[in-house]
Amino acid sequence: MNAKRHIYLIVLCLLTAACSDKEVGFTYSPEEPRAGQTISFTNSTSEGEKWEWTFGDGTSSSSKSPSKVYKRAGTYSVILTVDGKKSRRCAQTVVVSDTVPTIELSEDSVARFMTPVALRMSAYNPYSYKVTYQWTLGDSVILHDGELTDQEVTVLFREHDCGVTVRCHLTVGDNEYDCAQTFAVEDTIAPSLLFSPAQGRLSLQRLFTYGAERPLTFRVAVGSLTTDEYIETAPVAGVVHGDQLYLFMSDHIEAIDLAAHTRADVLQAPASAGTCHDGMLYWASGTDGLIYRTAEQTRSGIFTQGSASPMLWANLTTLGYGLTAGQTVTDLAWYNDVCLVAYGKGIYRFREADIHSGITPDAGAILTDVTVLHFAVDAIAKKIYYLADGGLYVCNMSGTQPRLLSSNADGQALCVDNVFSRIYWSATDGIYYLPLVQAANNATTDVPALLNAMPTRFLTMDPTQRYCFEHKD
């Protein structure tokens, strides 16, 4: 070791912790400061009246316990002199690291699934150099507001329960930085659209104010997810009520426990349509114009409890409308206390008191010149949406002002979403949606949008916002 280097090391050691008076001293935090970060110096000297600090960068202070910000990275000798006496002096070396730009959530923001989140690129720039930004978000992140060249952008995370990484390339003057930050994205509960794109499987697509989740597909087993018995036929209709999803098949009805993804019970009764109302499950089957019902239960054995025995409820051919057997009930719904049934041509309306009266119901029939394949009621705006030859239509509750909304419909399924004010329906290339119509004449300028490329035979909503689902094999 040469003499100059030996002398340098001795001096450095003295500066690192050189206190001529054991009663003079100080500490600082953070212990590993960065440029632009506030460093707090704590004076631990037992006695003294005058304090002189030099910070090694040409600045000084006379405070007892000052704070300091270094604009540049480097190694600085900090010296505290008490009462102007060289005999009462303490020196320490403070190593200041370069500031690393970081990607931060804006104040009060949380990384939450499909919820707008503001991200900000934070970089220390004491000399006001020119700064440029270039964000790279990846497939799991959607730009919601701003430009990819802005310092702050608002994004939507499309994945949850995993680390989602966001990157930004930053230049500060002549310096370049590639920054990355991984966020743990929280899941959220949301209303869901349920449908069946294939035999043996159900799909769920959660809906959010700013978009929809990718569809999740899972199997529904008899007792547990490990069994090999799954839904073998495609549902022709379905409805969510309470904790149950009721699936109406051509040869039976199934009750699905949504929380467990398991089949709660099976009723060996064919069904072409069904719905729920006032604690009862209603369905129709065959071409005889008969409608059945059973009391709903909220436990397994839904269809086998004594109070849940199926019973014939109504015969459309005896309602007073002059209907005859030979047609198929294609849909059922309730509006207030009026039952609406699509049977052959038209939608026929009646109350329970009308069933055995033999008198034509006061509620009346509508669309009697139309073969209604499926329909759904918007009870808020008092509209009926229906699928018929030619596409998707809307009319008022009285059947007036019928209007074609889309000719791209396969007649298989539709449902009303009063949470996000939309109508969903199935076409040969997937599921489409439109904002619900509000005008009295049913005029609209809205254009159908594709939700997903998964055609289906039934659509129903779970609006309760209770369930968070995971992918199932």
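Here is a short tour of this predicted model, stop by stop, with something to select at each one.

**The whole chain**

Start with everything shown as a cartoon. The chain has 473 residues, and 46% of them count as buried. Its secondary structure comes to 40 strands and one helix. Now switch on the surface: the chain exposes about 22,800 Å², with carbon and sulfur atoms supplying 47% of that. Among contacts between residues at least 6 apart in sequence, 51% join residues at least 24 apart.

**The largest pocket**

Next, select Val239, Thr275, Cys415, Val416 and Thr460. Of the 38 residues lining the largest pocket, these are the closest to its centre. The space in this pocket is about 850 Å³.

Which elements give two or more residues to the lining of the largest pocket? Colour these strands to find out: β20 (237-241), β24 (273-277), β28 (329-335), β32 (374-378), β36 (414-417) and β40 (459-462). If you colour the lining by residue type, you get 22 nonpolar, twelve polar and four charged residues.

**The second largest pocket**

Now move to Lys71, Asp98, Tyr124, Asn175 and Tyr177. They lie nearest the centre of the second largest pocket, which is lined by 16 residues. This one holds about 280 Å³ of space. Its lining divides into ten nonpolar, three polar and three charged residues.

**Asn452 and its partners**

Pick Asn452, which you'll find in strand β39 (residues 449-452). Is Asn452 buried or exposed? Its relative accessible area is 7%, so it counts as buried. Show side chains here and look for Gln205: a polar contact of 2.6 Å joins its side chain to that of Asn452. Leaving aside neighbours within four places in sequence, Asn452 also has Phe195, Pro215, Asp429, Gly430 and Ile431 among its contacts.

**Pro361 in its loop**

Select Pro361 in the loop between β30 (345-350) and β31 (365-371). Although it sits in a loop, Pro361 is buried, at 4% relative accessibility. Add Leu319, Tyr321, Arg349, Phe350 and Asp354 to the view; Pro361 touches them, not counting residues up to four places away in sequence. You can also draw a line from the C-alpha atom of Pro361 to that of Arg351. The two residues are ten apart along the chain, and those atoms are separated by 7.4 Å.

**A cis peptide bond**

Go to Ser29 and Pro30, and zoom in on the backbone. The peptide bond joining them is cis, with omega about 0°. Pro30 lies in the loop between β2 (26-29) and β3 (38-43).

**Two residues with positive phi**

For the last stop, select Lys382 and Asn442. Lys382 is not a glycine, yet its phi is positive, near 60°. You'll find Lys382 in the loop between β32 and β33 (383-388). It is partly exposed, with a relative accessible area of 48%.

Asn442 isn't a glycine either, and its phi is positive at about 65°. Look for Asn442 in the loop between β38 (430-435) and β39. Is Asn442 buried or exposed? With 0% relative accessibility, Asn442 counts as buried.

Terms used
Residues are numbered from 1 along each chain as its sequence is written. This is a predicted model: local features need pLDDT of at least 70, side-chain atom pairs count only at pLDDT 80 or more; totals for chains, interfaces and linings use all residues. Side-chain values use heavy atoms; hydrogens and water are left out. On a 1 Å grid over the protein atoms alone, a cavity is a set of points where a 1.4 Å probe fits but cannot get out, and a pocket is an open set with protein on both sides within 12 Å along at least five of seven lines; lining residues have an atom within 4 Å of a point. Grid points are joined across faces, edges and corners, and a volume is the space filled by probe spheres set on the points. Helices (H or I, at least four residues) and strands (E, at least two) are DSSP runs, numbered from the N terminus. Ala, Val, Leu, Ile, Met, Phe, Trp, Tyr, Cys and Pro count as nonpolar, Asp, Glu, Lys and Arg as charged, and the others, Gly among them, as polar. Buried means under 20% relative accessible area, exposed over 50%, partly exposed in between (1.4 Å probe, protein chains only). Contact means heavy atoms within 4.5 Å. Accessible areas come from the Shrake-Rupley method with a 1.4 Å probe; for residues, only the protein chains shown count as cover. A polar contact is a pair of N or O atoms within 3.5 Å; within protein, one must be able to donate a hydrogen and the other to accept it, and residues adjacent in sequence count only if both atoms are side-chain atoms.
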